[in-house]
Amino acid sequence: MERRLQLQPRLQLLADMTPAGCRLADIGTDHGYLPVWLLQRERIQSAIAADIGAEPLAHARRTAEEYGVEGISFRLLSLIHISEPT
């Protein structure tokens, strides 16, 4: 049985406002919960999960792996530019 991520109310509100079938850019993704939840429920086509910190981005990648979610491009942000997909 697939594990399903549960969102806190703050992120659930954002998930509820996300149009079905869109592509998501989660800037400041932190743990990556929003794109993982939306992809698990097939609400979005794909996502970019971006953060300025390498550790939060690594955590987001682990969240996606833990829940078996694909379709997320992880990007490390700088104040100057956005990196290529990793």
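This briefing walks through the pocket, the salt bridge, the surface patch and a few individual residues of the structure above. Keep in mind that this is a predicted model. The largest pocket comes to about 210 Å³ in volume, and the structure holds 1 salt bridge. There is also a nonpolar surface patch made of Leu-13, Leu-14 and Met-17, plus two non-glycine residues with positive phi, Asp-30 and Glu-42.

**The largest pocket**

- If you want a volume to start from, the largest pocket has about 210 Å³.
- The lining counts 14 residues, and Arg-10, Leu-11, Thr-29, Asp-30 and Tyr-33 are the ones closest to the pocket's centre.
- By character, the lining splits into 5 nonpolar, 6 polar and 3 charged residues.
- Helix H1 and helix H2 (33-40) each put at least two residues into that lining.
- H1 has the largest share of the lining, with 3 residues.

**The salt bridge**

- Which residues make up the salt bridge? They are Glu-66 and Arg-3, and their closest N and O atoms sit 2.6 Å apart.
- Glu-66 belongs to helix H3 (residues 54-66) while Arg-3 is in the segment before H1, so this pair ties together parts that are 63 residues apart in sequence.
- As background, side chains of opposite charge can pair when their charged atoms come close.
- Glu-66 is partly exposed, at 46% relative accessible area.
- Arg-3 is partly exposed too, with a relative accessible area of 46%.

**The segment before H1**

- Leu-5 is another residue to look at in the segment before H1.
- Is Leu-5 buried or exposed? Leu-5 counts as buried, because its relative accessibility is 4% and the cut-off for buried is under 20%.
- Along the chain, Leu-5 and Pro-19 are 14 residues apart, and 19 Å separates their C-alpha atoms.

**The nonpolar patch and H1**

- Leu-13, Leu-14 and Met-17 together offer about 300 Å² of accessible area as a nonpolar patch on the surface.
- One of them, Leu-13, sits in helix H1, which covers residues 9-17.
- Leu-13 has a relative accessible area of 52%, so it counts as exposed, given that the cut-off is over 50%.

**Positive phi outside glycine**

- Asp-30 has phi near 60 degrees, which is a positive value in a residue other than glycine.
- You'll find Asp-30 in the loop between strand S1 (22-27) and H2, and this residue also turns up among those closest to the centre of the largest pocket.
- Asp-30 counts as partly exposed, with 36% relative accessibility.
- Glu-42 isn't a glycine either, yet its phi is positive at about 55 degrees.
- Where is Glu-42 found? Look in the loop between H2 and strand S2 (44-51).
- Glu-42 counts as exposed, at 71% relative accessibility.
- Between Glu-42 and Gly-21 there are 7.9 Å in space, C-alpha to C-alpha, and the two are 21 residues apart in sequence.

**Strand S1 and the loop after H3**

- Asp-26 has its place in strand S1.
- Asp-26 counts as buried, its relative accessibility being 12%.
- How far apart are the C-alpha atoms of Asp-26 and Ala-47? They are separated by 7.3 Å, and the two residues are 21 residues apart along the chain.
- Gly-68 is in the loop between H3 and strand S3 (72-76).
- At 60% relative accessibility, Gly-68 falls in the exposed class.
- Gly-68 and Ile-48 are 20 residues apart in sequence, and their C-alpha atoms are 16 Å apart in space.

Conventions:
Residues numbered from 1 in each chain as written. Predicted model: local features only at pLDDT ≥ 70, side-chain atom pairs only at ≥ 80, totals over all residues. Heavy atoms only, no water. Patch = residues over 30% accessible without salt bridge, like charges linked within 9 Å, V, L, I, M, F, W, Y side chains within 5 Å. Areas by Shrake-Rupley, 256 points an atom, 1.4 Å probe, with all protein chains shown as cover. Salt bridge = Lys/Arg side-chain N within 4 Å of Asp/Glu carboxyl O. Helix = DSSP H or I, 4+ residues; strand = E, 2+ residues; numbered from the N terminus. Buried < 20%, exposed > 50% of the residue type's maximum accessible area, 1.4 Å probe, protein only. 1 Å grid on protein atoms, 1.4 Å probe; cavity = no way out; pocket = protein on both sides within 12 Å on 5 of 7 lines; lining within 4 Å. Points joined across faces, edges and corners; volume = space filled by probe spheres on them. Nonpolar A, V, L, I, M, F, W, Y, C, P; charged D, E, K, R; others polar.
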